[in-house]
Every structure is written in C-alpha cells, then in structure tokens.
Amino acid sequence: METIKDLYKNQEKYINTDVEVAGWVRTVRDSKTFGFIEMNDGSFFNNLQIVFGNELENFSEICKLTISSTIIVKGTIVKTENAKQPFELHAKSIEIFNLSDSSYPLQKKRHSFEYLRTVAHLRPRTNTFSAIFRIRSVAAFAIHEYFQSNGYVYVNTPIITCADCEGSAEMFKLTTLDLDKPLPQKDGKTDFSNDLFGKKAYITGSGQLHGETFASAFGKIYTFGPTLRSEDSNTKTHANEFWMVEPEISFCDLDGLMDIEEDFLKFVVKEVLDKCPEEIDFCDKFIQNGLKEKLTKLLDSNFVRIDHHDVIDILKKADRNWEFKPEYDGDLAKEHEKYITEYFNGPVFVKNWPKDIKSYYMKVNPDGKTVAGVDLEVPGAGEIMGGSQREENYDTLVARMKEMGIAEEPLYWYLELRKYGSNIHSGFGLGFERLLMYITGMENIRDVIPYPRTPNNCDF
Ligand code: 4AD
Ligand code: MG
C-alpha cells in the first residue's frame, strides 16, 4: 500500500502506475456519471484527489460518502495538467470500510479554535492541526538532532523529585496517602513519613539541578521531557503540563550560552522550514500572515542582547500608559515583552536581571545587585527561553539559598558540585510549546499541545 506522501515525493515514478491507498474522506463532489473525493491518509499535509466514475459497482454508495469515512482505493495515478494538484488517482475500486456517522462534528466549514478544543480527539484531522502537530513532531526531532550532532548527552532527569529548582510552591505534590481520610499530622503539618517515599515528594518543574550533575560528568547535556507546574495562570502562554528542553554546558559563561541559544533556535527553525514547507505555507496563509518571512529573516539576523536595566530605560521613555509600570527592580510584564520585541523587531536577549526576582542558583554579578540570567523574548510567545550562568562558588550559593529561604540539606548533592570540580557553567530551558507558538504563529498555547492541561481543564 502506498502513502500520499510517497505519491507526492516520487511523482514521476508513480505516473501511469497502479497503486493502493487508504485514508479518511475530506470531501466528496459528484455529478451523475463521475465524482471527486479529497482523501487524506495523515502521511502528508496535502490531500489526494480521487476520481471515480459510474462504472464502479458501488458508485451510488460512494456518492453518499460522509466526511471522515474510511476508504481503501485501488487505481491508476494520472498526471493532471493545469490543475490545483499535480496528479490524481483514477479509481478502479473503492472499498468503503466505515461510513462515518453524519453526526461527525467537523463538517466542511471553518471552526473556531475554541470550539476545536472541545473536540480535541478529532481536531488533529483538520488542516490546521495536521500542520501544527506535524511541525511539533519535526521540531522535536530537530531539537534532538541539534544536540546530538553537537556532542551533547541526552539525560532523562526524574519526573518525581524532592529537589526544589523553580520554587516548590509551583510543584504538584505527589502522595499515596489516603486523601479521603484525615491526614497524619506532626508539629502542625502533614506527616509524610509513612508516605511512599517517606517524605513530601513532588512532580518536577525543571530538570536543571539533575542536569547540572550530569554536565559535571559529560560536559554538555540536554534534557527534553514533560514538565509540570501547578501555577494558576490562565494565560495564552501558560500550561500546567508542558515540555521543556534543558541543556547544561560546562565551561561556558553567559555570552557563550547566548551564542548556543541563538544557534540552536536558528537550527530548529531552519529544519522546520526545510522539512515542512506545505505546513509553513498553510500557517503563513491562515494563521499568521508574514510568518514565513519572519522565520526566514530570523536565520540571517543577529539577536539583540540588552541588559534588563536598559530595557527598563526604553520602556520608561516609551509614550505608553502601562498597565504595569516598568521598574528597574521588577519583572517584565507581557505588555513590556511585546513592546520590546516590536521595538527591536525580532528576538531579544534580556540579560543581567535584578537578583531578587530570579532564582537562587543564578550567578551573582560583581555589582552584587544583578544576576547573570538571560531570557529570550520573541514577538507573540514572549519568553521562550530562560537561562543563566550558574553560581559556581559554594559559599555564595549557600548564602543565596539562605537569603531566598531554600533548604540546603535536601540539595547537599547539588552543592557538592561546587566542591568537586566546580566550573563556570551555564544552561537554559526552552518552553517547547512557546517555541511552537513562535514557529507556527498560533496565539494560544492550548492549540499547540495535543491535550492541553490548564486551570479548570483536564478534559480528555
Ligand atoms: O524560566 P523557567 O522557569 O526556567 C527554568 O525552569 C530553568 N530551570 C531552566 C534552566 O535554566 N534549565 O522556564 C523555562 C522556560 C520558559 O522560558 C518558558 O518558555 C517555559 O519554560 N515555561 C512554560 N511554558 C509553558 N507553560 C508554563 N507554565 C511555563 N513555565 C515556563
Ligand atoms: Mg523564566
């Protein structure tokens, strides 16, 4: 059996030969003596046009095919001149495997993305989600390819953890205690000593700390896996379950890190442009006008690198009524991210952040006020990467943990990295879905995740 992708990629070979294909009906048009079916088998973004005539014994049933019915077709590939599609399949037989029920909710009209989320089990069959999820697959492979071909070791950091990286308040708790019974108490708190792990455990919100231990053995490592955060953020860019890529590089400072981030992003974008031309054309036409130009331009651009302090200067000078006032010691709000990426018309590295709003593990700069952290901001998706040079000095790190109320004892192993072969090292985390939003032009994170998990939504 051939796939539609085979037929498109090896057209010359298939012209005037007999093939067999199977797939889902997208549309049927018929007149008295012949008709056309647009069929898709999932292998390729484009459909296959099938021509059928009334010499087929089940002609009248074929004419009544409903959208999303499954068919198995045998016939000859014929070259078409001056048509939308380069070839079509002249059917010799069409076996109807399943006549889809007429209640199929995705009839031939445009549906809103909001509606399509309510049929998440069917939406991959639409053009939009066919494009999005194929791009997701290609981008995931490109991520592995980038790191593998540059000598990084892929590490599977644990999903269950007791280590606090980005703040335990945002980690889901994991327990086998019977929640229908009163929980055991000790000193006014829940007592987890009889829980499965003998202590309070969480689902990971970052693999960074474990990643750092492996970077101290392999030099360069990366993780790529599911990440969970319990934050109650109902925005277009937050999900409670997302995928994160976390590289960690020994003997690398903040400038070196930004070089890698930029090179990596360009590689993934280029791979998607090369391998998904049909999907990108579709997104360019129907999701974000100018998308292809934006991505192509990115490949030859140099990303702006600017200190947080200078970003605030720009924001303060801007003639805007900010909802959130830009502050030198404050975070960037969505409106600020948007302004700054539009101001520079492309991705922007914002570096050297005020230490009080960043994590304890970031390298404290000589000014004592800022840390060597960097966020990459892009138009639309906002912060897609967050990274830093890590504090490699044992005493400074311990002092920072104390300042920020992070318990040292559970992280003794992390601290030991600063005793046994410490080195200047850096790493970042890329939110895979935010990258996909940027690459596809999709405006809501819920539309680049197969089954999004967000506050009040765990359907399917
Ligand atoms: O900035 P974050 O919190 O950084 C870390 O977790 C570091 N430990 C990474 C590292 O240095 N190894 O998260 C990294 C990225 C963000 O820039 C964002 O793209 C994404 O993860 N992210 C989310 N994506 C979707 N939904 C959420 N709730 C996200 N939270 C973070
Ligand atoms: Mg961040």
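**Notebook: sheets, a helix pair and two pockets**

I began with a small sheet, an open one of 3 strands in the order 7-11-8, with antiparallel pairing. Its edge strands are strand 7 (160-161) and strand 8 (173-174), and each pairs on one side only. The model I am reading is a predicted one.

I then looked at one pairing in this sheet. Strand 7 and strand 11 (residues 201-203) run antiparallel and are joined by 2 bridges. Ile160 stands opposite Ile203 in strand 11. I noted a general point here: strands of a sheet pair through backbone hydrogen bonds, either parallel or antiparallel.

**The sheet of 8 strands**

Next I traced another open sheet, this one of 8 strands. I read its order as 6-12-13-18-17-16-15-14, and the pairing is mixed. Which strands stand at the edges? They are strand 6 (153-154) and strand 14 (304-307). Each has a single partner strand, so one side of each is left without a neighbour in the sheet.

I checked what packs on this sheet. Helix 5 does, and it touches strand 6, strand 12 (220-228), strand 13 and strand 18. The direction of helix 5 makes about 150 degrees with that of strand 12.

I also followed one pair inside the sheet. Strand 17 and strand 18 are antiparallel and pair over 5 bridges. Gly387 has Phe428 in strand 18 as its bridge partner.

**Strands 1, 4 and 5**

I moved to strand 4 (residues 70-79), which pairs with strand 1 in the antiparallel sense over 7 bridges. Asp18 stands opposite Thr76 in strand 4. Strand 4 is also joined to strand 5 (residues 87-98) by 10 bridges, and these two run antiparallel. There I found Lys74 opposite Ser93 in strand 5.

**A helix pair**

I looked up helix 9 (residues 291-299) and helix 14 (residues 432-440). Their axes come within 8 Å and cross at roughly 115 degrees. Angles of 65 to 115 count as roughly perpendicular, and helix 9 and helix 14 are therefore roughly perpendicular to each other.

Which residues meet? From helix 9, I listed Leu291, Lys294, Leu295 and Leu298. From helix 14, I listed Tyr438, Ile439 and Thr440. By class, this contact has 5 nonpolar, 1 polar and 1 charged residues.

**The largest pocket**

I turned to the pockets. The largest has a volume of about 1,400 Å³. I found 42 residues in its lining, and Arg26, Asn47, Thr126, Asn127 and Phe282 lie nearest its centre. Among the elements that give two or more residues to this lining are strand 1 (18-30), strand 2 (34-40), helix 5 (127-149) and helix 8 (277-286). I met helix 5 earlier, packed on the sheet. The lining divides into 14 nonpolar, 15 polar and 13 charged residues.

**The second largest pocket**

How much space lies in the second largest pocket? I noted about 1,100 Å³. It is lined by 47 residues, and the closest to its centre are Glu166, Arg229, Lys358, Glu383 and Arg434. Elements that give two or more residues to this lining include strand 13 (241-250), helix 11 (334-344), strand 16 (370-378), strand 17 (382-389) and strand 18 (425-431). Helix 14 is also one of them. Strands 13, 16, 17 and 18 were already in my notes, as members of the sheet of 8 strands. By class, I wrote down 19 nonpolar, 13 polar and 15 charged residues for the lining of the second largest pocket.

Definitions and conventions:
Residues are numbered from 1 along each chain as its sequence is written. Chains are lettered from A and ligands numbered from 1 in the order in which they are written. This is a predicted model: local features need pLDDT of at least 70, side-chain atom pairs count only at pLDDT 80 or more; totals for chains, interfaces and linings use all residues. Side-chain values use heavy atoms; hydrogens and water are left out. Axes are lines fitted to C-alpha atoms, for helices over the stretch in contact, and angles run from 0 to 180 degrees between N-to-C directions. Helices (H or I, at least four residues) and strands (E, at least two) are DSSP runs, numbered from the N terminus. Angles under 35 degrees count as roughly parallel, over 145 as roughly antiparallel, 65 to 115 as roughly perpendicular and the rest as oblique. Contact means heavy atoms within 4.5 Å. Ala, Val, Leu, Ile, Met, Phe, Trp, Tyr, Cys and Pro count as nonpolar, Asp, Glu, Lys and Arg as charged, and the others, Gly among them, as polar. On a 1 Å grid over the protein atoms alone, a cavity is a set of points where a 1.4 Å probe fits but cannot get out, and a pocket is an open set with protein on both sides within 12 Å along at least five of seven lines; lining residues have an atom within 4 Å of a point. Grid points are joined across faces, edges and corners, and a volume is the space filled by probe spheres set on the points. Two strands pair if DSSP finds at least two bridges between them.
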